[in-house]
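User: Please take a close look at a single part of this structure. I would like one helix and its surroundings, then how the rest of its chain is built.

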Amino acid sequence: MSKKSPYRLMQGNEAAAEGAMAAGVRFFAGYPITPSTEIAEILSIRLPELGGKFIQMEDEIASIAAIIGASLGGAKALTATSGPGFSLMQENLGYACLTETPLVIVNVMRGGPSTGLPTSPSQGDVMQARWGTHGDHPIIVLCPSSVEETFHYAVKAVNLSEKYRNPVILLMDEVIGHMRARVELPPWSMVETVNRIKPNMPPEWYIPYERSSMGVSPMASFGEGYRYHVTGLVHDVKGFPTSKPREARENILGLFKKIERGFKEICLVDYIHMKDAQHAIVAYGCMVLSARSAIEQLRADGIKVGLIKLGTLWPFPRFALEHFLPQLKTILVPELNMGQIYREVVRVNAGRAVVEKINKINGEIISPDEIIKSMKGLAR
Amino acid sequence: MISNAELVKKYCRHDKKFPHIWCPGCGNGIILNGMLRAIDSIGLAKDDIAFVSGIGCSGRAPVYVDFNTLHTTHGRALAFATGLKLANEKLQVIVAMGDGDSTAIGGNHFIHACRRNIDMTAIIFNNYIYGMTGGQYSPTTPHGAKGSTCRAGNIENPFNISALAEAAGASFVARTTTYHVMQLQDLIKKAIRHHGFAVVEVVTHCPTLYGRLNKVGGATEMLKWQKESAIHKKKAEKMTAEELAGKIITGVLVERDLPEYCDLYNEIIREAQEQVSGGEAS
């Protein structure tokens with residue numbers, strides 16, 4: 001066999017598909033939408049090769065319904081979409097939260113609201129990813145900022161969904177989704193994968209929603225002999241509908257508790273030049289690219305600025321900010337929305353540093369020069 | 001034939017807090033009974049059955065029976081069932097839906113499930129009304145009939161569910177009523193055995209809402225109406241359109257041998273795997 005180069009030229013969407021497969025995803029249901037379509041196209045070819053299945057559904061409502069069904073059937077399941085499709089998925093996203101069904105939704109964000117700017121970058125779905133479906137619920141949202149990272153975050157997204165029995169959203173932006181970059185990916189055999197915990201007791205002892213000490217209950221697949229009920233109604237530990245206040249409270253609080261327990265593991269944050277930083281840029285997704293470039297130049301000009309790169313947006317990694325707040329004079333939050341994470345930063349900052357934002361909602365990205373100019377004004 | 005007592009003991013969930021939520025005189029229990037008898041006579045194992053539903057009165061059917069049961073969102077049952085079946089083809093997937101569930105909010109999923117022809121059985125509880133929310137008119141409420149949101153009479157035209165299923169490509173379509181309990185069992189049995197997407201439309205009665213709003217009497221009168229309105233397909237073929245007005249045509253309406261989706265997909269997998277050597281090399 002010829003020696004293969006460890007490097008590959010790959011698009012972000014391709015890396016998402018590759019990471020999902022490496023993590024064990026063997027089922028995909030989706031509906032075509034720009035700028036995420038490449039993920040569906042790739043998986044329609046690759047999944048059958050792996051013995052998995054791809055299906056194109058009639059809309060995004062059906063797509064997420066199908067992956068919930070597949071997940072209950074035992075498959076690691078994925079769908080991919082963009083803003084308008086993500087809006088349609090909100091109904092069954094809530095269903096997956098309440099029934100604690102592992103699945104991953106890739107949302108490659110585009111300009112909105114509505115049909116918006118279909119092929120232009122945006123980060124407008126940050127709050128929708130958090131609160132788009134009705135009712136109180138926890139959610140896990142990961143946001144990669146490079147092509148290579150997209151692969152690893154896709155793996156992480158699948159693993160977290162399996163471990164916590166919770167839907168995970170891989171929130172990409174159009175820049176990361178369509179950007180091609182040289183990547184070095186590990187062979188699949190080296191990729192750490194997590195599988196949902198299965199019941200090991202006899203079926204008659206199985207109580208489907210009884211939580212372990214980790215706050216997550218073992219999950220049987222349909223057809224394995226553990227006949228149980230799954231419903232979008234608030235349910236008791238047996239999975240049967242209940243309207244008793246004590247059982248309802250236990251059901252909903254249990255959802256939050258499992259994510260709170262895993263908070264540290266779920267939160268992915270990187271720090272660049274933060275050690276001696278007096279000023280910080282908080283960025284995620286494609287804004288990390290502009291921020292990194294800006295920081296190099298600002299440092300060269302003698303301004304002590306660092307980057308807090310958020311890989312996890314929800315639950316919001318507040319400790320990442322709190323740790324540095326005593327040393328920070330200013331915090332700048334560049335976003336391709338009107339300030340969705342900015343508000344979280346202001347909340348955590350609680351009046352300590354000066355917090356400023358740069359926003360763009362016209363389909364263009366914020367350039368390094370714009371960040372430099374803004375930071376120079378603030379640091380003066 | 002298995003007795004009702006044995007049927008309850010064998011298939012119902014004893015740890016579920018009975019009684020059920022259906023009103024006195026409701027036809028839904030008759031449909032569930034018919035389904036259980038069909039399952040029992042085929043001899044399907046409980047572990048192999050996935051019983052999926054949407055929202056509404058029909059949506060509550062799965063919780064009472066001891067299968068793998070999935071109570072989904074309104075109208076989406078078939079989409080959930082599609083993923084479930086593809087992930088585990090060994091499952092015998094049966095989907096219960098109401099008329100609003102399957103042809104209003106879930107109309108799109110319904111027609112696409114019909115044309116895809118995945119091996120599963122859809123049982124549609126057609127009571128011509130939204131029962132659970134208080135009797136609003138549905139896509140099958142007859143023209144002129146009353147609902148809590150059409151007190152003056154329905155000015156819309158109803159769907160013919162079986163005709164819709166046939167036109168959308170379902171490979172098996174049958175219709176019966178809750179009066180015709182033996183035919184009901186028989187048709188569900190045929191539908192389960194059919195290899196492909198099978199639809200059984202069951203005309204059922206909602207005495208609490210449809211019966212009261214339209215002043216057609218209680219459960220007895222409504223069942224009597226079903227008995228008098230039903231015409232078997234064979235007999236109907238010899239009748240004119242005028243004679244058939246307001247009648248319910250029952251029996252197997254469509255049965256065609258079409259390629260099943262999973263079979264075709266497994267062929268794609270086989271070919272794809274043949275072309276790729278080296279398995280999971282990335």
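Analyst: What follows starts with one helix and works outward.

This is a predicted model, in which local features need pLDDT of at least 70, side-chain atom pairs count only at pLDDT 80 or more, and totals for chains, interfaces and linings use all residues. Residues are numbered from 1 along each chain as its sequence is written, while chains are lettered from A and ligands numbered from 1 in the order in which they are written.

The part is helix α12 of chain A, residues 340–349. Helices (H or I, at least four residues) and strands (E, at least two) are DSSP runs, numbered from the N terminus. Its buried residues are A:Q340, A:I341, A:Y342, A:E344 and A:V345. Buried is a count: 20 or more other C-beta atoms within 10 Å of the residue's own, with exposed at 12 or fewer, partly exposed in between, and C-beta atoms placed from the backbone. An α-helix has 3.6 residues a turn, so residues three or four places apart point the same way.

What do these buried residues pack against? Two helices of chain A are among the partners: α5 (126–131) and α11 (318–322). The strands are β11 (279–283), β13 (312–314), β14 (330–335) and β15 (354–359). Contact here puts two C-beta atoms, placed from the backbone, within 7 Å. After α12(A) comes A:A350, with a positive phi near 50 degrees.

Now the chain around this helix. Chain A has 13 helices and 15 strands. Its domain assignment gives domain 1 (7–190), domain 2 (203–264) and domain 3 (270–379). Such bounds come from an automatic or database domain assignment. The centres of domains 1 and 2 of chain A, taken over C-alpha atoms, are 25 Å apart. Their contact takes 14 residues from domain 1 and 12 residues from domain 2. On the domain 1 side, helix α4 (residues 83–99) gives the most, with 4 residues. That side divides into 7 nonpolar, 5 polar and 2 charged residues. For these classes, Ala, Val, Leu, Ile, Met, Phe, Trp, Tyr, Cys and Pro are nonpolar, Asp, Glu, Lys and Arg charged, and the others, Gly among them, polar.

Next, overall dimensions. The C-alpha trace of chain A spans about 70 × 55 × 40 Å along its principal axes. Of its 380 residues, 56% count as buried. Among contacts between residues at least 6 apart in sequence, 76% join residues at least 24 apart.

One residue shows the other extreme. A:K4 sits in the segment before β1 (7–11) of chain A. It is exposed, because 8 other C-beta atoms lie within 10 Å. A:K4 and A:P118 are 114 residues apart in sequence and 37 Å apart in space, C-alpha to C-alpha.

Finally, the partner chain. The contact takes 44 residues from chain A and 39 residues from chain B. On the chain A side, α3(A) gives the largest share, 9 residues. By class, this side has 25 nonpolar, 11 polar and 8 charged residues. The model scores ipTM 0.97 and pTM 0.97.
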